[in-house]
Amino acid sequence: MELDSLYQEVILDHYKHPLHKGLSDSYGAQVHHVNPSCGDEITLNINATDGKITSITWDGVGCSISQASVSIASDLLVNKSFAEADAILNEFTELMQSKGTKEGNPDVLEDAVALAGVSKFPARIKCALLGWMAFKDAAVRINTTTGGE
Amino acid sequence: MSFNVAKVRQDFPIFERTIRDGKKLVYLDSGATSQKPNSVIDAESNFYKFHNAAVHRGAHQLAEEATDAFEGARLKVANFIGAKEDEIAFTKSATESLNLVAYAMGNAEPGTRFALTSKDRIVVTEMEHHANLIPWQQLAARTGAQLSWFEVTPEGHLDLSKINSVITEDTKVVALTHQSNVLGTINPLEAIVARAHEVGAVVVLDACQSVPHMPVDVKKLGVDFLAFSGHKAVGPTGVGVIWSSLLNELPPFLFGGSMIETVTMTSATWSPAPRKFEAGVPNMAQAVGLGAAIDYLTGIGMQAVHEHENQLTDYLLNKLLAVPELKVVGPTTNESRGGTVSFTVGEIHPHDLGQYLDSQGVAVRTGHHCAWPLTRKLGVPATTRASLYFYNDESDCDALYEAILGAQKYFA
């Protein structure tokens with residue numbers, strides 16, 4: 001069934017057992033993003049030292065795609081440099097815009113390749129990108145305010 | 001008075017197609033927009049093919065025909081809701097209709113009936129669609145008027161227990177929906193209209209979810225303004241209606257061609273209503289399409305439409321309430337409600353549920369349904385909404401029921 005390409009086991013696992021969920025007490029930057037068409041919301045904290053992301057924590061409500069995607073993103077991007085995270089984020093964004101023509105590079109995207117099927121469902125791309133866009137925003141903010149310290 | 005659903009469906013070409021690899025289309029999203037019968041599609045198309053010209057101008061036969069068709073549509077709308085022709089203005093949508101009233105009030109000369117100041121109050125309800133909330137929020141912000149509202153009870157009804165302290169002596173406008181687009185609740189207008197008029201306020205009714213589904217007579221309702229859209233009533237998109245017997249007292253909202261009487265380099269005066277509210281070349285083909293939609297609905301009979309939907313709502317509610325873990329958000333009995341039913345199913349997020357239903361050919365809406373304050377108040381981030389129309393039958397409700405059970409297995 002076409003639906004199975006959307007709801008991969010990996011996605012449902014992350015949805016049921018999300019990683020890095022629960023906001024850290026302190027943060028270098030905090031952002032709150034919403035998907036106004038459906039009401040999904042996410043708050044995301046990041047911390048960084050010497051240009052490297054030391055923690056990403058989040059809390060939110062939303063569908064399995066949005067929640068699994070932020071779980072995957074936070075686990076994938078933590079302990080990366082901002083440059084590395086940016087490259088991964090760009091690759092993921094390209095995958096989401098591929099309309100089902102790309103599978104995604106598992107060496108770069110790891111669990112996030114499970115979200116490839118989302119690109120065939122235009123209404124769900126925003127769900128998958130919610131957490132990633134929140135991270136992108138947080139990365140800009142932490143680098144503007146503290147220079148990544 | 002009844003009609004054959006299977007026969008009616010033959011008038012709608014979209015029901016000939018299939019969904020997601022050959023599945024029957026189970027369309028339960030008419031609250032968002034209705035499907036269109038051939039007669040409406042043809043009317044819009046034929047206007048362009050045979051009669052297209054700018055109405056109310058042009059010294060030629062086509063302009064005459066276009067004007068006759070456009071004004072004929074206005075008469076049909078007027079007859080449909082028990083109004084007079086000059087009380088009907090065409091807009092591009094119900095959203096524009098509601099904005100028209102709010103902006104026109106903002107244009108009122110200080111001291112006149114519709115002018116608002118910081119001493120005045122605007123009343124809305126917690127169950128409003130964003131289109132009947134934000135224009136009033138913004139008018140309040142521009143004029144300094146206070147925005148107050150009726151709260152919604154956990155059962156999904158307006159709490160009218162404090163009606164006299166919500167609609168106060170200084171209230172100028174009461175804006176509310178006839179039927180909630182989320183809960184299906186039909187609001188009791190009588191008490192609200194009586195109180196509003198007692199304090200000299202006007203009542204603005206969002207009738208988007210009622211006019212397509214039940215007989216509506218503006219005189220019986222007693223409201224002062226009524227807005228609805230064409231596309232939810234088997235008509236085209238791009239056409240809405242604002243009705244009021246007070247249109248002539250209201251200043252214009254949009255300015256330009258067609259809506260003037262005289263113009264100099266420094267001033268202008270206005271045409272009488274409704275032309276005063278129809279600046280620019282109007283949405284002629286869409287208005288004509290709406291006229292055809294009204295002919296179609298009248299052919300079936302609005303009382304028959306209402307009775308069919310009422311019986312089907314009963315069937316749908318019983319079916320849904322039999323689903324384990326399903327919670328109806330809004331009235332759970334079929335009293336004072338229409339065929340719009342919102343619900344949650346256990347821990348399955350509405351987006352995921354909607355996606356699964358779609359894989360089975362069942363089209364519903366998910367999210368906050370443009371009524372975010374309401375879903376927040378009811379403590380649900382989002383719901384799934386099934387909305388019925390006269391072309392639905394019990395087999396559609398059965399398909400929804402089976403698909404929800406399938407989703408529960410899929411996401412278990």
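In the predicted model, strand E8 (residues 202-206) of chain B is joined to E9(B) by 3 bridges, and the two strands run parallel. Within this pairing, Leu205(B) lies opposite Leu226(B) of E9(B). E9(B) also pairs with strand E10 (residues 240-244) of chain B, here in the antiparallel sense and over 5 bridges. Ser229(B) has Gly240(B) in E10(B) as its bridge partner.

Strand E9 (residues 225-229) of chain B is largely enclosed by the rest of the structure, because 5 of its 5 residues are buried, that is, each has 20 or more other C-beta atoms within 10 Å of its own. In a regular strand, side chains alternate between the two faces of the sheet. Both faces of E9(B) are covered. Phe225(B), Ala227(B) and Ser229(B) are buried on one side, and Leu226(B) and Phe228(B) are buried on the other. Two of the residues named in the pairings thus recur here: Leu226(B), which faces Leu205(B), and Ser229(B), which is bridged to Gly240(B).

A further sheet in chain B is open and consists of 4 strands in the order E13-E14-E17-E16, with antiparallel pairing. Its edges are formed by strand E13 (326-329) and strand E16 (365-367) of chain B, each of which pairs on one side only. Neighbouring strands of this sheet are turned against each other by 30° on average, direction ignored. At one edge, E13(B) is connected to strand E14 (residues 340-345) of chain B by 4 bridges, the two strands running antiparallel. In this pair, Val329(B) is positioned opposite Ser342(B) of E14(B).

Terms used
Residues are numbered from 1 along each chain as its sequence is written. Chains are lettered from A and ligands numbered from 1 in the order in which they are written. This is a predicted model: local features need pLDDT of at least 70, side-chain atom pairs count only at pLDDT 80 or more; totals for chains, interfaces and linings use all residues. Two strands pair if DSSP finds at least two bridges between them. Axes are lines fitted to C-alpha atoms, for helices over the stretch in contact, and angles run from 0 to 180 degrees between N-to-C directions. A residue is buried if 20 or more other C-beta atoms lie within 10 Å of its own, exposed if 12 or fewer, and partly exposed in between; C-beta atoms are placed from the backbone.
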